[in-house]
Every structure is written in structure tokens, then in C-alpha cells.
Amino acid sequence: MIRDIKGLHHVTSMAADANKNNRFFTDTLGLRRVKKTVNFDAPEVYHLYYGDEIGTPGSVMTYFPFGNMPRGRRGAGEVGITEFAVPKGSLKFWTDHLVSKGVPGLEAETTFGESRLHFAGPDGDSFALVESEARNREAWTGAGMTQDVGILGFNGARFRVRDAAATGELLTFMGYQKAETQGDISRYLIEGGNAADTIDVEQLASAAPVADQGAGSVHHIAFAVDDRAAQLRVREALMDTGYQVTPVIDRDYFWAIYFRTPGGILFEIATNEPGFDRDEDTAHLGEALKLPSRYEAHRAQIEQLLPPLTT
Ligand code: ZN
């Protein structure tokens, strides 16, 4: 069994319009843009990272805004809901705030005893705010949110799959423990994690249509490990169990490996090192366009292809 996973590291989704995406996360949700870079495999597309002050692993929502990308279709084999933690008692504020910003899809409910507010992102992304206990996390207050309401990183995520048992088996192998079940949803928790430690697995009907990825879909979900040594242990354990895992890839702000789950979701294991302040001061994170060194020679062309961000 794997013992090195600390909860979530980041969630990466796809968007259509870069400016709408940037405004939604920095203005409507009050997160900090902690990095403005490009998709390392397609440098004409941004890779935007939003999180707390320093982009603490477990707080980082990232996007590839592909321009005119059509919306994805929800279905089986994907991260169905990305869930942010908010302080107890803050959902009243969030309901009023999201209404005032014209955010669609607001729906309050309780699952596993937690008060939750569902809402949709700019491309129909499925999100929820979950009231949670004190979590050793601080909200980013630089974008107008206060500590008593601001987002405290991820609570976790809900997977929607046709094979909840196989997905649960993988999570257990990764160090998660099965907790409660409510209806078709089983909860998995990781002990000693970074607070983004909850995965809910929803069993869909075996005939449920498979998700079709597009704008508003989660592209992959990344789990955190402390360092490269831990990542290599996880890689070896997964490969010994029969998973096809990529080699270690340098993403400048973390090292990454990827593999596809039995249910069809793309998992990443990302290191907590070196972090988002490796090439910018904390005070100025996310302001300048950062390029991996292999693209620096093409900076002028890349800057011409990227839509300027207005904030
Ligand atoms: Zn990633």
C-alpha cells in the first residue's frame, strides 16, 4: 500500500475564454492567481493557476483556456464536482455573493452532514462550496474576501464512475480509507493529509453515458506527495500493480507523473516541491508571464498568440 499521498495537490480543468476564467476565479471566488504560464505541451494556450497566497498544495485550481472550445458533456469517468472548503457559517454570505454576481446553478444541500452550496463555473464547471471545520488553512484576503468567509483550499472532489468498487480499490491502495456511504456515494478519507483529503465516489448506472471532455470539464486531478523520492516510491508501487505510469515530468513548479484509472479519470501525482515561488517573489506571484526555459526564445511569438488578461 502507498503511504506517501497527502491529499490533493491541484485540479486542472479546461475553459473557453481566458479572461472570463481569470475574472471568475480572482474576482467572484476571490482566489489569488499564483501563476500565469502556458500549457507546456501547447504554448499558445495559457496555464493559469489560482489558489491561496502561495499556492499551497491542496488549494490550487488550474485551467487551460483553449479559446473557442465547446463545452464538455457530463457523464461517467470524470471528476464530477470539484469542492472548495469554506468556513462554518459562511454559506449565507456565499449564496448572496454568487447571486449578486449572476452565478448559475446555485443549489444548497447536505451530504455526509456537511452543508454544501453547488454552483456552476463560467463553462458550466460543477463546483461546490463545503462548510468545514478549522483546517490550518488561511484564505487569501488580497482579492476582497475576509478570513471568516474566504475559500480554504479544496475540501476534495466527487468522482462519477460506472465502477465505484474498482475506483475505491485504487483509492484504498493509494492510502485512502473508506468512511461512510450515503445512497450511491461512498466517502474516502486520507489520514495525515493536507486538509484536501476527501474523495467521494458516486456509482453511476452501468449504462450511464461516458463523459465527453470539453470546456468546463476536469482534465486531471493531482494528488500531493512531499518530494521526488516519495513520488518515485508511488510510481514504483503503481507500476508493480500493473498501472501504466508516465516518466517523471518537470512542470517547473512541481514534478508530475500521470496514469489513467480503471474508471477513466486521469490521475497525477505531483510533488510539493519546489513550489510557485521558485521564479517569482511571493508578493508578485502570478503577475508576469512565466515560460519554461525551452520556450523563452519564442517569448515574443507566444505573447502575441495569448489574449492579454485584463486583470
Ligand atoms: Zn496537473
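**Group meeting: a cavity, a zinc site and a buried glutamine**

When the whole structure is searched, one cavity of 30 Å³ or more turns up. I should say at once that what you have in front of you is a predicted model, so please take each value I give as computed from that model.

Let me stay with the cavity for a moment. The space inside the largest cavity comes to about 60 Å³, and its lining is made up of 14 residues, with V79, T82, S126, G216 and V218 lying nearest the centre. Which elements give two or more residues to that lining? They are β5, covering 78-87, and β8, covering 126-132, and it is β5 that supplies the largest share, namely five residues. If we sort the lining by class, we find five nonpolar, six polar and three charged residues.

I turn next to the zinc ion. Its coordination comes from H10 through NE2, H220 through NE2 and E268 through OE, at 1.9 to 2.0 Å. Along the sequence these donor residues follow the spacing H-x209-H-x47-E, and the pair H10 and E268 links distant parts of the chain, since H10 sits in strand β1 (residues 8-15) while E268 sits in strand β16 (residues 266-274), 258 residues apart. Are H10 and E268 buried or exposed? Both of them are buried.

Strand β16 leads me to a residue in a helix, Q231, which is found in α4, residues 228-240. Q231 has a relative accessible area of 1%, and because buried here means under 20%, Q231 counts as buried. What does the side chain of Q231 reach? At 2.9 Å there is the backbone oxygen of W255, and a polar atom of the same side chain of Q231 also lies 3.0 Å from the backbone oxygen of I269.

Finally, a word on a pair of strands. Strand β10 (residues 176-182) and strand β11 (residues 185-190) run antiparallel and are joined by five bridges; within this pairing, Q177 has L189 of β11 as its bridge partner. Together β10 and β11 form a hairpin, with two residues between them, and G183 in the turn shows a positive phi of about 60 degrees.

To gather this up, I would ask you to look in the model at the cavity with its five lining residues from β5, at the zinc ion held by H10, H220 and E268, and at Q231 in helix α4.

Note on methods:
Residues numbered from 1 in each chain as written. Predicted model: local features only at pLDDT ≥ 70, side-chain atom pairs only at ≥ 80, totals over all residues. Heavy atoms only, no water. 1 Å grid on protein atoms, 1.4 Å probe; cavity = no way out; pocket = protein on both sides within 12 Å on 5 of 7 lines; lining within 4 Å. Points joined across faces, edges and corners; volume = space filled by probe spheres on them. Helix = DSSP H or I, 4+ residues; strand = E, 2+ residues; numbered from the N terminus. Nonpolar A, V, L, I, M, F, W, Y, C, P; charged D, E, K, R; others polar. Pairing = 2+ DSSP bridges. Donors = N, O, S within 2.8 Å, 3.2 Å for Na, K, Ca; no water. Buried < 20%, exposed > 50% of the residue type's maximum accessible area, 1.4 Å probe, protein only. Polar contact = N/O pair within 3.5 Å; in protein donor to acceptor, adjacent residues only side chain to side chain.
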